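Please look through the model below before reading on, with the sheet, the hairpin and one pocket in mind.

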Amino acid sequence: LIPDHRSIKFLKSAFLNNRDIMPYLDLVSKRPNRRQLGAMNCENGHCLINGRTIKKKVVEENPADMFRFLPPKDKFLKEFRNPCWSAPDGFKQETLFCIPDFFIIGFTKSGTTDLYSILLNHTLISVRDRKEPHFFDRSRRGRSTRMHREITDYPQSFASLVSRGHFRENLVLTYKEVEGTDVLFHGITVDATPSNVWDNEFWEKLHPGYQEPPVTNADTISAVHPGAKLIFLMRDPIDRMKSAYQFFCKAGVYACNLPVTPEKFHELVAQAVGSFNRCLKTNSVRGCTYSTKTHQLATHLYASIYHIYIQDYMRVFPRNQLFFLRFEDYVEDQIGSVNAICEFLGVPKFPDQTLRDYLAENQPKNQKDKRFSIPYVKNETVVMLENFFEPYLRELVDLLGDEKWHWNRPY
């Protein structure tokens with residue numbers, strides 16, 4: 001849970017004569033332990049905790065320490081661009097804690113791993129302890145980090161999220177005095193869990209009696225960090241489903257009989273579409289999209305109904321904190337796409353030649369194994385899915401205001 005002390009020793013020797021930075025190196029080197037928690041007062045469906053007004057249902061489905069350990073927004077350290085604060089541990093020594101500054105929020109099988117790998121080469125961007133912590137989608141609710149695992153009695157504590165990993169060392173290395181600002185440490189940290197956007201599974205156990213989730217991951221993330229920036233990568237929904245079917249089979253997420261074939265894919269698609277349409281007879285589109293009962297892992301159909309999830313994030317985040325990018329546009333112009341994201345995040349762009357060299361030396365991550373590859377998708381499968389997605393893609397076009405989000409379906 002703490003950086004290697006040899007690294008801290010090196011940093012302290014490097015900054016020995018800098019009185020501004022030494023106190024922060026002391027914070028980084030402390031071991032997090034027991035926390036002091038703030039008071040909580042709830043009434044009329046909302047709770048007042050450490051100067052934040054939060055929906056009571058958001059508080060109820062999260063770890064007990066989350067909002068009581070999170071400080072008031074005006075208590076974040078002004079010397080850090082990334083939201084960080086100091087708090088006493090069990091030995092009353094001040095320790096540094098930080099939340100993610102931005103999220104690669106989704107969608108699964110849409111290029112998130114490749115984008116993440118590129119951004120980590122930026123001197124001002126650092127990972128926390130791994131690409132996909134799965135805190136906001138799963139472990140905060142007491143679920144395993146594996147897909148489609150039910151809730152247990154052991155939710156992960158919020159303190160483990162804000163203290164785990166070596167990101168604090170990386171933030172300290174971004175020290176630079178800039179005239180006109182109090183910020184000394186200019187680095188930011190990322191949570192790149194692409195299932196954050198869609199995985200609210202087993203919410204029904206936390207909110208019995210509801211046909212739709214009263215709160216989602218979007219509500220929790222916005223309550224923790226209302227200023228967070230979120231990056232959404234979306235792919236042609238049928239292509240994304242095909243990719244997910246192949247990848248999840250290889251990863252053992254569901255029991256698949258090899259070889260994967262167009263016929264097997266068609267059968268699974270028909271089952272998923274049928275299940276969703278049966279749900280619509282008694283529930284709303286949003287309710288069926290989030291319903292754990294309709295979630296067939298093999299095709300991942302529900303996670304391609306993009307507009308439902310995006311609406312929930314647009315409800316709690318202003319539009320200028322959301323960045324939407326088509327996977328196809330990213331693949332066609334990676335340099336332009338990455339630098340547009342850097343501009344969105346407020347960090348310097350990569351030199352074009354640096355990105356060209358990187359892309360020439362590195363193959364995209366998560367490329368499919370040909371043993372698990374469908375040679376083609378049957379035409380009747382494509383027609384079935386185009387008919388299914390047509391109204392939902394139209395909703396996405398209206399939501400984001402651009403015809404490109406229809407992917408020219410039908411081809």
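The paragraphs below take up these parts in turn.

This is a predicted model, in which local features need pLDDT of at least 70 and side-chain atom pairs count only at pLDDT 80 or more, whereas totals for chains, interfaces and linings use all residues. Residues are numbered from 1 along each chain as its sequence is written, and side-chain values use heavy atoms, with hydrogens and water left out.

An open sheet of five strands, paired in parallel, follows the order E7-E8-E6-E9-E10; strands (E) are DSSP runs of at least two residues and helices (H or I) of at least four, numbered from the N terminus, and two strands pair if DSSP finds at least two bridges between them. At the edges are strand E7 (125–127) and strand E10 (322–326), each of which pairs on one side only. Five bridges link strand E9 (residues 229–234) with E10 in the parallel sense, and leucine 233 has leucine 325 in E10 as its bridge partner.

Strand E2 (residues 46–49) runs antiparallel to E3, to which four bridges join it, and cysteine 47 stands opposite isoleucine 54 in E3. Two residues lie between the strands of this hairpin, where asparagine 50 takes a positive phi near 50 degrees.

The second largest pocket (an open set of points on a 1 Å grid over the protein atoms alone, where a 1.4 Å probe fits, with protein on both sides within 12 Å along at least five of seven lines; lining residues have an atom within 4 Å of a point) is lined by 15 residues, of which Glu204, Asn283, Ser291, Thr292 and Lys293 lie nearest its centre. Helix H8 (residues 203–206) supplies the largest share of this lining, three residues.
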